[in-house]
Amino acid sequence: MTLPDDMPGGKSIPPDFPPVVYLPCAESVSDAAQARIAMRETRDGRVALLAYSALDRLQHCCGRNQPWLVMPTVALDELQRAQPFSLLLLDVFIPEGKRQEGAS
């Protein structure tokens with residue numbers, strides 16, 4: 001899968017990237033269509049999408065109460081168009097003091 005042209009370098013997802021990813025959400029919702037993916041801003045001002053290769057990794061890295069949804073990796077292109085991001089980071093640990101409120 002290739003990320004959209006406005007991604008730096010038009011980079012491709014590596015072939016060993018998981019077929020589905022778990023994405024942290026801004027809040028819990030009953031309808032997945034209403035979910036807002038929680039993006040993070042980097043120190044240099046870029047928007048990062050944090051993705052996790054398994055639910056246990058998301059819970060370990062973001063907190064057990066972190067709202068989430070699962071998405072096929074091929075759907076990241078569509079997400080990029082709806083909520084543009086500059087970086088896609090996999091399995092990043094968020095220190096407890098930087099976690100979303102209620103996600104400890």
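Which residues of helix 1 are buried? In this predicted model, the buried residues of that helix are Leu-58, Gln-59, Cys-61 and Cys-62, and the points below start from the overall fold before returning to helix 1 and to the charged residues.

1. Overall make-up. The secondary structure of the chain comes to 2 helices and 5 strands, and these elements follow one another along the sequence in the pattern β-β-β-α-β-α-β. Of the 104 residues, 37% count as buried. Among the contacts between residues at least 6 apart in sequence, 76% join residues that are at least 24 apart. The accessible surface comes to about 6400 Å², and carbon and sulfur atoms account for 51% of that area.

2. Helix 1 and its cover. Helix 1 spans residues 55-62, and Leu-58, Gln-59, Cys-61 and Cys-62 are its buried residues. What covers these buried residues includes strand 1 (20-24) and strand 4. After the helix comes Gly-63, which has a positive phi, near 115 degrees.

3. A nonpolar patch on the surface. Val-20, Trp-68 and Val-70 together form a nonpolar surface patch with about 240 Å² of accessible area. Val-70 has its place in strand 4, which runs over residues 68-72, and with a relative accessible area of 45% Val-70 is partly exposed.

4. Salt bridges as a group. Side chains of opposite charge can pair when their charged atoms come close. In this model the count of salt bridges comes to 3, and the partners are set out in the next two points.

5. Two of the salt bridges. Arg-36 is bridged to Glu-27, with the closest N and O atoms 2.7 Å apart; Arg-36 is partly exposed at 49% relative accessibility, and Glu-27 is partly exposed at 28%. Asp-44 and Arg-46 also meet through their side chains in a salt bridge, at 3.0 Å from N to O. Of this pair, Asp-44 counts as exposed at 52% relative accessibility, whereas Arg-46, at 35%, counts as partly exposed.

6. The Arg-57 and Asp-91 pair. The side chains of Arg-57 and Asp-91 form a salt bridge with an N to O distance of 3.0 Å. Because Arg-57 lies in helix 1 and Asp-91 in the segment after strand 5, this pair ties together parts of the chain that are 34 residues apart in sequence. Both partners are partly exposed, Arg-57 with a relative accessible area of 43% and Asp-91 with one of 23%.

7. Backbone of Asp-91. Asp-91 also deserves a look for its backbone: its phi is near 55 degrees, a positive value in a residue other than glycine. Most residues other than glycine have a negative phi. A colleague inspecting the model may therefore wish to note this residue, which is found in the segment after strand 5, together with its salt bridge to Arg-57.

8. Arg-99, a buried charge without a salt bridge. Is Arg-99 buried or exposed? Arg-99 is buried, yet it has no salt bridge, and the nearest side chain of opposite charge, that of Glu-96, is 4.7 Å away. A salt bridge calls for a nitrogen and a carboxyl oxygen within 4 Å, so Glu-96 at 4.7 Å does not provide one for Arg-99. What the side chain of Arg-99 does have is a polar atom 2.8 Å from the backbone oxygen of Ile-94. Arg-99 is found in the segment after strand 5 (87-90), and, leaving aside neighbours within four places in sequence, its contacts include Arg-40, His-60, Cys-61, Cys-62 and Gly-63. Of these, Cys-61 and Cys-62 are also among the buried residues of helix 1.

9. Arg-40, a contact of Arg-99. Arg-40 lies in strand 2, residues 39-41, and is partly exposed with a relative accessible area of 29%. The side chain of Arg-40 reaches the backbone oxygen of Lys-98 at 2.8 Å. Beyond its neighbours within four places in sequence, Arg-40 is in contact with residues including Arg-46, Val-47, Ala-48, Leu-50, Ile-94, Lys-98 and Arg-99. Arg-40 and Phe-85, which are 45 residues apart in sequence, have their C-alpha atoms 9.1 Å apart in space.

Technical notes. Residues are numbered from 1 along each chain as its sequence is written. This is a predicted model: local features need pLDDT of at least 70, side-chain atom pairs count only at pLDDT 80 or more; totals for chains, interfaces and linings use all residues. Side-chain values use heavy atoms; hydrogens and water are left out. Helices (H or I, at least four residues) and strands (E, at least two) are DSSP runs, numbered from the N terminus. Buried means under 20% relative accessible area, exposed over 50%, partly exposed in between (1.4 Å probe, protein chains only). Lys and Arg count as positive and Asp and Glu as negative; His and the chain ends are not counted. A polar contact is a pair of N or O atoms within 3.5 Å; within protein, one must be able to donate a hydrogen and the other to accept it, and residues adjacent in sequence count only if both atoms are side-chain atoms. Contact means heavy atoms within 4.5 Å. Accessible areas come from the Shrake-Rupley method with a 1.4 Å probe; for residues, only the protein chains shown count as cover. Patches are made of residues with over 30% relative accessible area and no salt bridge: like charges are joined within 9 Å, nonpolar side chains (Val, Leu, Ile, Met, Phe, Trp, Tyr) within 5 Å.
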